[in-house]
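Visitor: Hi, could you walk me through this one? I'd like to start with the overall picture and then ask about the cysteines.

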Amino acid sequence: MKKNILDYETVRLNDEHDCIEIIDQTRLPDDIKILKLSTQEDIRDAISRLAVRGAPAIGITGAFALYLASKEISYSRTHNEVPGSMEVANDEGYSDEDIIKEFFLQLSDAREYINLSRPTAVDLSWALNRTYEAAVKANDNFTGDYIGDRLDYIVNGIKEAACAIYDNNIEMCRKIGEHALTLVKDGDSLLTHCNAGKLATVKYGTATSVMYLGKEKGYNFKIYCDETRPLLQGSRLTAFELSSAGMDVTLACDNMSASLMKDGKIDAVFVGCDRVAANGDTANKIGTLLLAIAAKRYNIPFYVCAPSSTIDFASETGNDIVIEQRDIEEVTSMWFKKPMAPEDINVYNPAFDVTDADLITAIITENGIAYAPFEENLKKLAEG
């Protein structure tokens, strides 16, 4: 039997072969191809060119990337086949502490290198920092004598942290979906933008978790998804995975959504996010702001599905969020047999826009639903 896209894991660690396996999302929906990424350069390139995308999936990839980097660095510290090895270092008068210090310097460099691949999605830096902190904690807790055992203990601590991020993502998405289901009813028409589904996470998705869980419970939703120009994540990914799951999905051009709302065809809007500022301003795929403005005009609830890892209390408002600017070819020629814009035309191609907090009805996290004032209520949810 031919495999369905839902039969594949978006991201997985292949520890035996020292690689990360991902679905190459640049080839969907025509071709389901699994990429095996083993080097930091390959992983960073895959994140940057959106072979793997979606804030949670990017974070998981980053966590696994730091684990693979730690294995490589540890090997270079403990085998004399590699310059700078433990044996060579000891011959040159370096102590065990010198070796550990050099290990963490290289690990920090790897963390920064991977983190620069996508500046807006805070999940990446969150996951990298979490796995790095696990390495520090493991080093502090080690009680043995041999430097090789110490490095192995640190590397294993990083692996456990990375795998926990992967495992927790499933439960996190399910909880978001359970909270979201309390806001809708059977038969509702739901609109979503970009892809915040299984292909952006491990399972269920964030904005689509309400749809997946609704289907499990026998709800019959009518789902509309925007194309999401210029990279068409809505048509290539969301429409693909939801229709593969047997849901009632209709694809619409981005500029048709306001008309759908005006005609009474939308009951609620659910979107994901890449970063939420402390005041509730939310960065998500370009075009989200227009949806929020239209939803406000037609009194349609606009919900942001946000894992707690995407809430950045260090960013006071949306003005503090760095917006990634992408290549002009994505607009002018990427999806066309020949260029569809004048040669040398100026192109504005931000990957994200920021939706103002006052346009958002509620922010749904795994810990519960936050309403305005967001600055106060998001903190309450974060504190448990």
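**Surface, fold and cysteines**

Guide: Happy to. This is a predicted model. The protein chain exposes about 17,500 Å², with carbon and sulfur atoms supplying 47% of that area.

Visitor: How much of the protein chain counts as buried?

Guide: Of its 384 residues, 54% do.

Visitor: And how many helices and strands are there?

Guide: The protein chain has twelve helices and 14 strands. Its radius of gyration is 22 Å, close to the 21 Å from the globule rule for 384 residues, so the protein chain is as compact as a globular protein of that length. The C-alpha trace spans about 75 × 50 × 45 Å along its principal axes.

Visitor: What about contacts along the sequence?

Guide: Taking contacts between residues at least 6 apart in sequence, 74% join residues at least 24 apart.

Visitor: Switching topic: how many positive and negative side chains are there?

Guide: There are 39 positive and 61 negative ones, and the centres of the two sets lie 8 Å apart.

Visitor: Now the cysteines. How many disulfides does the count give?

Guide: Zero.

Visitor: Why is there no bond between Cys225 and Cys194?

Guide: The closest cysteine sulfur to that of Cys225 is in Cys194, and at 11 Å it is too far for a bond. A pair would need its sulfur atoms within 2.5 Å.

Visitor: And Cys253?

Guide: Cys253 is in no disulfide either; its nearest cysteine sulfur, that of Cys225, is 11 Å away.

Visitor: Are those two, Cys225 and Cys253, buried or partly exposed?

Guide: Cys225 is buried, at 0% relative accessible area, while Cys253 counts as partly exposed at 21%.

Definitions and conventions:
Residues are numbered from 1 along each chain as its sequence is written. This is a predicted model: local features need pLDDT of at least 70, side-chain atom pairs count only at pLDDT 80 or more; totals for chains, interfaces and linings use all residues. Side-chain values use heavy atoms; hydrogens and water are left out. Helices (H or I, at least four residues) and strands (E, at least two) are DSSP runs, numbered from the N terminus. The radius of gyration is taken over C-alpha atoms; the globule rule is 2.2 Å times the number of residues to the power 0.38. Buried means under 20% relative accessible area, exposed over 50%, partly exposed in between (1.4 Å probe, protein chains only). Contact means heavy atoms within 4.5 Å. Accessible areas come from the Shrake-Rupley method with a 1.4 Å probe; for residues, only the protein chains shown count as cover. Lys and Arg count as positive and Asp and Glu as negative; His and the chain ends are not counted. The place of a charge is taken as NZ of Lys, CZ of Arg, CG of Asp or CD of Glu.
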